[in-house]
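Reader: I would like a close look at one part of this model, namely its salt bridges. Which residues form them, and where do those residues lie?

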Amino acid sequence: MFICMVVNDALQLTLVTSLYVISYIFRKIHLSVCCLLVMTAVFTTRSTPLILAGMAVERFISICFPLHFSYMCTVPHTLLLIGVILILAATPPITDLLIIVIKEPPSFFHSVISCDHSLLFPDSSIYYKNCVFDGLYLSFVALILLYTYCKIMLTAQAASTSLASVKRARNTVLLHGVQLLLCMLAFVVPSLQAALISLFPQLIMEIRYVFFLVVYIIPRFMSPVIYGFRDELFRKYWFRYLSCQSLKIIRVRPGTLKEACR
C-alpha cells in the first residue's frame, strides 16, 4: 500500500506541476491533451485519501485482530483492495468524460483551450455530480479514519498503554489523519475555488497558486517526512548529519570533526 501511495503521489506531483507550468507558459493547448492530463491528475489526486484510508484499516486489523492479520492482510487481498481503490478514484473523471462526449459536438474535441477543469468540463451537471462524489468520498474516508483511530485507542487502553506496537499504531493512524485532512481538501477545493474566483476574479492566479500549494504539494511531501523520521536508523543518521554540519559551521579542529562524524 505504501509503495502504491508513493508511486501515485510521484505521478500526481509530476502531472499537477506540469499542468501548472503549462497554464503559465502556453496559456492554451489542444483539448485532447488537456483532457488526458486533467483526468490523470484528478485520478491520482482522488486516489491518495483512499489509499491512506486503506492503510489505516490495515493498521487497525494488525492491532485489533492480530490473530487474523496473517490471512486477512495477504498480498492478494491487498492487491484486490488497491484495485477497488483505483476503480473508485477513476469513476469521477471517467463519468466527466462520458458526459461531455454525449453532450458536446465533435468539434469541441478539436478546439484549443486554457487547460482548466472548469473549462474542460463546462456542463453544470458535471459540477453537481462531482459535488455528490466528493461528499460521499469525504464522508467515507472520514468515518474510516475516526472508527479505526477510536478502536485502536480503546485497544491501547484495554491492553497496555506501554505496549510499543499499540503506541506505534496509534501514532501512525494519527499521522494518517493529518495527511487525510490535508488530502481531503481535494474533495472540496473545486467548489471552494470556483466560489472564490467568482467573488474575486481579479485574484484568479493568486487563488489558484495558494490552492496548488496547500492541497496538491504540501500533503504529498508529508509522507516521506513521516515515514522517514519514524525510522530509528534514518533518524539516527539524520541527527548525526545535522550535528556534523553544525560542527563544520563553527569550524572546530579537523581531528575533532572527523571523530564526531565517524
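Author: What follows takes the salt bridges one by one, after a short note on the model. The model is predicted, so local features need pLDDT of at least 70 and side-chain atom pairs count only at pLDDT 80 or more, while totals for chains, interfaces and linings use all residues. Residues are numbered from 1 along each chain as its sequence is written, and side-chain values use heavy atoms, with hydrogens and water left out.

The chain holds 11 helices and two strands (DSSP runs, H or I of at least four residues for helices and E of at least two for strands, numbered from the N terminus). Of its 262 residues, 36% are buried (under 20% relative accessible area, with a 1.4 Å probe and protein chains only).

Three salt bridges turn up in the whole structure (a side-chain nitrogen of Lys or Arg within 4 Å of a carboxyl oxygen of Asp or Glu). In one of them, R46 meets D134 at 2.9 Å, N to O. R46 sits in helix α2 (residues 31–64) and D134 in helix α6 (residues 124–158), 88 residues apart. Both R46 and D134 are buried.

Another salt bridge pairs D96 with K129, and their closest N and O atoms are 2.2 Å apart. Because D96 belongs to helix α4 (residues 75–103) and K129 to helix α6, this pair ties together parts 33 residues apart in sequence. D96 and K129 are both buried.

The remaining salt bridge joins D123 and K103, with 3.4 Å between the closest N and O atoms. D123 lies in the loop between α5 (117–120) and α6, and K103 in helix α4, so the pair ties together parts 20 residues apart in sequence. D123 counts as buried because its relative accessible area is 19%.

Notes:
Buried < 20%, exposed > 50% of the residue type's maximum accessible area, 1.4 Å probe, protein only.
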